[in-house]
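Biologist: I am new to this structure and would like a close look at a single part of it, the sheet. Please take me through it and then through what lies around it.

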Amino acid sequence: MNLNKKYSRLSKYFLAVCLCILTACTVSYKFNGSSINYDKVKTISFQNFPNRSAAFVWGPMESMFNTALQDKYMQQTRLKQVRQGGDLELSGEITNYDAYNKGVGSDGYSTMAELRMTVNVRFVNNTNHAEDISDQQFTASREYNASQQLSSVQEELVQQMIDEIVEQIFNATVANW
């Protein structure tokens, strides 16, 4: 009998310790990828990202980028967009958009080309200025067969680069991995 009482006490003690540990620990999962403290941060404002590329300009790119950037934050966060003075502020410009020859065939003509896009970003967190970003460059590139006309692949490649750069910006500003 004495042995049973001892095991009973030990099991009760073990159960009490397990319950204390389990109630003291909390696990929080966020499936949107952001780590925003919504008690402090409620709004975001975007300035237009103009295309200031010296190489060449493709007209639709600027609006495609601005729309994709805003959509990312609106779909992946609970932030309210305001015209100016948001708790988070994003601004910048597209600084480079250019095509480069990547490979030359035995006939001396280009076989592969690379399209490259660079965006300069400024990020201000008005609730925690330690997270501010000043003039950080984000770049993406895509290769394509040089026998293709750029105009036939440009929209698809630009959209892929925009998606990649927007993801990089989102991760650098609010994902805080």
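Modeller: Two strands count as paired if DSSP finds at least two bridges between them. With that in hand, one bridge can serve as the starting point: Asn120 has Gln137, in β5, as its bridge partner. The model is a predicted one. β4 and β5 run antiparallel to each other, and eleven bridges join them.

The wider sheet comes next. It is open and holds five strands, in the order β2-β1-β3-β4-β5, and the pairing is mixed. The edges are taken by β2 (80-81) and β5, each with a single partner strand, so each has one side without a neighbour in the sheet. In general, strands of a sheet pair through backbone hydrogen bonds, in either a parallel or an antiparallel sense.

The sheet is one part of a chain that has three helices and five strands. Read from the N terminus, the elements follow the pattern α-β-α-β-β-β-β-α. Among contacts in the chain with a separation of 6 or more, 71% join residues 24 or more positions apart.

Several strands also take part in the largest nonpolar core, which has 39 residues. Two or more residues each come from β1 (43-46), α2 (60-76), β3 (88-104), β4, β5 (133-145) and α3. The element that gives the most to this core is α3, with eleven residues. Inside the core, Phe65 and Met117 have the most contacts. Leaving out residues up to four places away in sequence, Phe65 touches Met117 itself, and also Phe49, Ile94, Val119, Ile162, Ile165, Val166 and Ile169. As a general tendency, nonpolar side chains in soluble globular proteins are buried together. Over the whole chain of 177 residues, 36% count as buried.

β4 (110-125) and α3 (150-175) appear again at the largest pocket, where each supplies at least two residues of the lining. The space in this pocket is about 170 Å³. Its lining has 14 residues, and the closest to the centre are Ser35, Asn37, Val41, Asn125 and Glu131. By type, the lining divides into seven polar, five nonpolar and two charged residues.

To return to the part you asked about: β4 pairs with β5 in the antiparallel sense, gives two or more residues to the largest nonpolar core, and supplies at least two residues to the lining of the largest pocket.

Definitions and conventions. Residues are numbered from 1 along each chain as its sequence is written. This is a predicted model: local features need pLDDT of at least 70, side-chain atom pairs count only at pLDDT 80 or more; totals for chains, interfaces and linings use all residues. Side-chain values use heavy atoms; hydrogens and water are left out. On a 1 Å grid over the protein atoms alone, a cavity is a set of points where a 1.4 Å probe fits but cannot get out, and a pocket is an open set with protein on both sides within 12 Å along at least five of seven lines; lining residues have an atom within 4 Å of a point. Grid points are joined across faces, edges and corners, and a volume is the space filled by probe spheres set on the points. Helices (H or I, at least four residues) and strands (E, at least two) are DSSP runs, numbered from the N terminus. Ala, Val, Leu, Ile, Met, Phe, Trp, Tyr, Cys and Pro count as nonpolar, Asp, Glu, Lys and Arg as charged, and the others, Gly among them, as polar. A nonpolar core is a set of buried Ala, Val, Leu, Ile, Met, Phe, Trp, Tyr and Cys residues joined through side-chain atoms within 4.5 Å. Buried means under 20% relative accessible area, exposed over 50%, partly exposed in between (1.4 Å probe, protein chains only). Contact means heavy atoms within 4.5 Å.
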